[in-house]
Number of protein chains: 2
Amino acid sequence: MTGTERQDLGLFTDLYQLTMLDAYLQEGMQDDAVFTLFVRRLPNERKFLLAAGLDPLLETIENLSFSDDDLRYLKEQNFSQQLIDYLRDFEFTGQVRALPEGTVFFENEPIVEIKAPLPQAQLIETLVMNQIHLQTLLASKGARVAHAAEKRPVLDFGARRVHGIDAGKKGSRALYLSGIAATSNMLAARTYGLPVAGTMAHSYIQAHDSEYQALKNFTQVFPETVLLVDTIDTLKGVEKVIQLANELGDDFKVKGIRLDSGDLGDLAVKARKLLDEHNLHHLEIIASGGLDEHKIAQLIADRAPIDGFGVGTGMGVSDDAAALDMAYKLVEYAGKGRLKLSSGKPVLPGEKQVFRESGDNFRRDTIARAEEQLPGEPLLKKVMQSGKRLPSHQRDIEEIRQYAQQQLNKLPEYVSSISSKEKSYPIEISDKLASYQKEITEHLKQEG
Amino acid sequence: MTGTERQDLGLFTDLYQLTMLDAYLQEGMQDDAVFTLFVRRLPNERKFLLAAGLDPLLETIENLSFSDDDLRYLKEQNFSQQLIDYLRDFEFTGQVRALPEGTVFFENEPIVEIKAPLPQAQLIETLVMNQIHLQTLLASKGARVAHAAEKRPVLDFGARRVHGIDAGKKGSRALYLSGIAATSNMLAARTYGLPVAGTMAHSYIQAHDSEYQALKNFTQVFPETVLLVDTIDTLKGVEKVIQLANELGDDFKVKGIRLDSGDLGDLAVKARKLLDEHNLHHLEIIASGGLDEHKIAQLIADRAPIDGFGVGTGMGVSDDAAALDMAYKLVEYAGKGRLKLSSGKPVLPGEKQVFRESGDNFRRDTIARAEEQLPGEPLLKKVMQSGKRLPSHQRDIEEIRQYAQQQLNKLPEYVSSISSKEKSYPIEISDKLASYQKEITEHLKQEG
């Protein structure tokens with residue numbers, strides 16, 4: 001287990017999963033089902049997504065259980081004794097095939113395919129979607145922000161306004177694997193072994209009667225810090241840092257300054273000039289305050305002398321696209337392909353594979369039936385068998401981050417660009433999968 | 001303690017809170033500080049906010065602690081032994097004044113004011129903001145959705161795409177107190193005693209070889225259910241419900257049908273007509289699928305015969321405004337008012353009170369110094385003293401929900417309307433507070 005996460009999340013499910021389970025048990029419907037997790041349409045602001053959240057999810061599923069309190073609660077809700085008994089002994093025994101974390105993917109491509117007895121696969125729907133949705137959403141946003149920063153480090157300062165504790169922890173993990181350099185969130189860092197970053201807030205300066213004294217005192221405790229200079233007047237703050245450098249001489253070990261308000265580009269130019277005039281060339285300038293990928297790209301296009309960025313809320317809640325149109329759909333039961341025809345929401349039936357053709361860059365993907373052999377790399381890997389994670393697919397967060405970087409580096413420029421105007425990456429459906437879908441649709445229409 | 005929430009969330013903080021703490025301890029700066037939590041500017045899509053999250057937050061603060069693992073981790077990060085010892089014995093001993101949950105508020109108004117020794121009040125910043133931000137964000141969204149539904153029940157179906165487990169639990173609580181009728185999230189319902197709702201998913205229908213058989217089987221396990229009818233063809237699905245009613249006769253106890261795709265208004269009219277033609281007037285029509293307050297308002301304006309709404313993602317992530325510009329700022333230390341001048345981010349110094357003048361509706365608010373006595377109701381109440389919650393301010397979720405409803409009912413129409421075009425609610429700053437702010441600003445400018 002990583003960190004303090006409790007695994008009795010069995011009850012993190014929707015009421016209807018349990019009513020359906022109760023019905024399945026009473027009908028004796030426990031054959032194998034296959035569910036596919038995918039994103040139906042990408043948000044307008046995204047041209048690719050980055051898969052994330054799988055490893056922590058599998059760990060949770062491996063240990064999924066119901067507490068006595070949970071079972072008592074369900075009894076009070078008038079569920080059958082058969083269901084209560086089933087959940088008391090619950091153990092996930094299924095197979096999971098999935099895109100490894102850090103894989104780039106597109107609309108309609110399976111992210112996770114779960115094959116398990118129907119009640120098991122149904123029960124975990126809410127948890128699977130919630131967890132993969134959260135981390136994929138934030139990794140996909142983080143990749144854009146890191147891309148815009150063009151190799152300059154981006155620090156995740158979002159803990160205070162992301163949506164709750166779990167998003168704070170797992171979101172910081174997702175952002176790190178997407179290319180963000182470090183997090184300010186101590187619990188996330190401890191839980192997932194992430195690098196941490198951060199220095200001081202305005203309150204520290206404010207609590208002192210003199211800004212100069214505050215800066216000086218802080219460097220005595222943390223000599224190699226980054227000093228926040230905008231509490232009263234940014235450029236006067238920079239002058240105080242210079243004064244401090246003069247006073248401390250060789251004892252001045254400060255690494256940089258942080259600007260957190262105002263016209264960041266203009267202030268960075270002026271601060272850089274002041275610092276350079278006093279031979280403080282090595283002091284870096286970190287900028288923060290309402291930043292996102294577009295503002296960062298603009299600052300860089302304007303050649304603002306900024307060495308790193310602190311990015312909080314906009315990235316941490318993915319504010320330009322705060323949710324993905326993600327779905328977890330039954331595609332096979334008892335050996336028969338399944339779909340639904342609900343208008344505007346097509347489903348690809350059966351177990352599937354995605355084949356990706358590449359040269360220097362990714363060229364095109366084909367979604368196919370699982371047993372097909374098509375040109376390109378098959379992207380879905382078996383990661384869990386009989387309810388246990390396969391050790392061959394367990395990687396530490398640094399390996400995942402490197403893999404994600406390799407994936408992102410292979411995106412064609414028209415996909416990786418943060419502008420949203422260009423064409424989409426080509427996704428095809430194999431002939432066999434298309435005719436399988438057609439066959440089942442015809443059958444359903446006759447039945448309907 | 002409510003539910004399974006572990007309280008060792010001490011480490012849910014930003015790195016810089018701990019570096020500042022380390023410095024405060026070494027400087028001997030442990031006098032009382034006052035921090036104010038407020039929202040600087042409302043999102044364009046909001047004309048009021050609904051305070052939420054206080055009671056679970058206070059419970060967490062009352063029990064805040066650091067585990068041995070946490071302390072070991074901090075030691076590895078090279079924090080001082082003085083800080084580690086301080087955190088080992090950490091106990092919050094401060095005072096909290098706050099808007100009771102369910103209070104309507106506006107920009108710059110204090111939501112929470114915390115008075116405690118500086119290191120304590122600094123440490124909890126990240127947690128306080130994260131938790132009040134999440135629940136206030138979602139309660140404010142939920143109030144709009146419930147308002148749009150004009151007394152028809154709205155069901156919270158968001159668990160699968162809200163941002164993580166904590167957002168799933170506490171978000172459902174926030175939505176319920178804002179006027180949403182029930183949640184599908186079992187863990188949230190058990191933890192906070194919320195009503196639950198939900199029936200069946202498409203996968204249940206799909207797993208059966210015949211839609212009719214699926215509907216029939218489900219009613220045998222849950223006779224008083226709501227049947228989902230759009231898996232293959234919505235109106236043919238309705239005809240199957242009618243066929244089932246004919247077959248079962250007096251044993252037909254089904255309460256309603258659910259539409260989840262297509263043109264919901266048009267389908268509701270046609271489904272209502274079909275049901276009524278077969279004397280199934282008592283069957284309710286529930287609509288779901290990509291709904292938000294604007295779509296619900298449009299359906300109601302079009303007189304769609306819909307009796308209740310299921311709303312998921314858009315409400316659960318507050319997708320039109322996924323974050324609030326919330327801040328937690330030092331406003332007093334060691335008896336002296338404090339602020340910062342960072343451009344565009346003004347702060348109101350010192351302990352404050354909000355006085356609200358009302359007739360039938362709320363008329364205007366005045367933000368004042370805490371010791372002032374002005375016309376209107378003082379909104380901030382003392383809820384924690386010496387680190388312990390005051391029992392007089394502990395209310396159960398039903399009381400909070402009723403109070404929120406009373407608050408929402410007193411909003412003038414131009415504020416409660418979900419359209420975003422009209423004028424803002426009037427907020428004034430008292431003369432005394434304005435001159436106090438001016439005085440401290442002048443002083444800071446001289447110092448700077």
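What follows is a walk through a two-chain model, from the pairing of the chains down to one helix and one residue.

This is a predicted model, so local features need pLDDT of at least 70 and side-chain atom pairs count only at pLDDT 80 or more, while totals for chains, interfaces and linings use all residues. Residues are numbered from 1 along each chain as written, chains are lettered from A in the order written, and side-chain values use heavy atoms, leaving out hydrogens and water.

Let's start with the pairing. A rotation of 180° with 0.0 Å of shift along its axis puts chain B onto chain A with an RMSD of 0.0 Å (a least-squares fit on the C-alpha atoms of residues with pLDDT of at least 70 in both). That is how a two-fold axis relates its copies. Both copies use the same surface, with 100% of the contact residues of chain B recurring in chain A; contact here means heavy atoms within 4.5 Å.

Each side brings plenty to the table: 105 residues from chain B and 105 residues from chain A. Together they bury about 8800 Å², 57% of it on carbon and sulfur atoms (accessible area lost on being put together, 1.4 Å probe, summed over both parts). Arg160(B), His163(B) and Met186(B) supply 10% of the area chain B buries against chain A, more than any other three residues.

There are ten salt bridges between the chains, counting a side-chain nitrogen of Lys or Arg within 4 Å of a carboxyl oxygen of Asp or Glu. In one of them, Arg338(B) pairs with Asp209(A), with the closest N and O atoms 3.1 Å apart. Helix H1 (residues 15-27) of chain B gives the largest share of its side of the interface, eleven residues; helices are DSSP runs of H or I, at least four residues, numbered from the N terminus.

Now for helix H10 (residues 211-221) of chain B: eight of its eleven residues are buried, so the rest of the structure largely encloses it. Buried means under 20% relative accessible area (1.4 Å probe, protein chains only). The cover for those buried residues includes helix H1 (15-27) and helix H17 (431-447) of chain A, along with helix H9 (202-207), strand E8 (226-228; a DSSP E run of at least two residues) and helix H11 (234-248) of chain B.

Finally, look at Gln135(B) in helix H6 (residues 125-148) of chain B. Gln135(B) is buried, at a relative accessible area of 1%, and touches residues including Ala52(B), Glu101(B) and Lys170(B).

Definitions and conventions:
Buried means under 20% relative accessible area, exposed over 50%, partly exposed in between (1.4 Å probe, protein chains only). Buried area is the accessible area (1.4 Å probe) that two parts lose on being put together, summed over both. Lists of a residue's contacts leave out its neighbours within four places in sequence.
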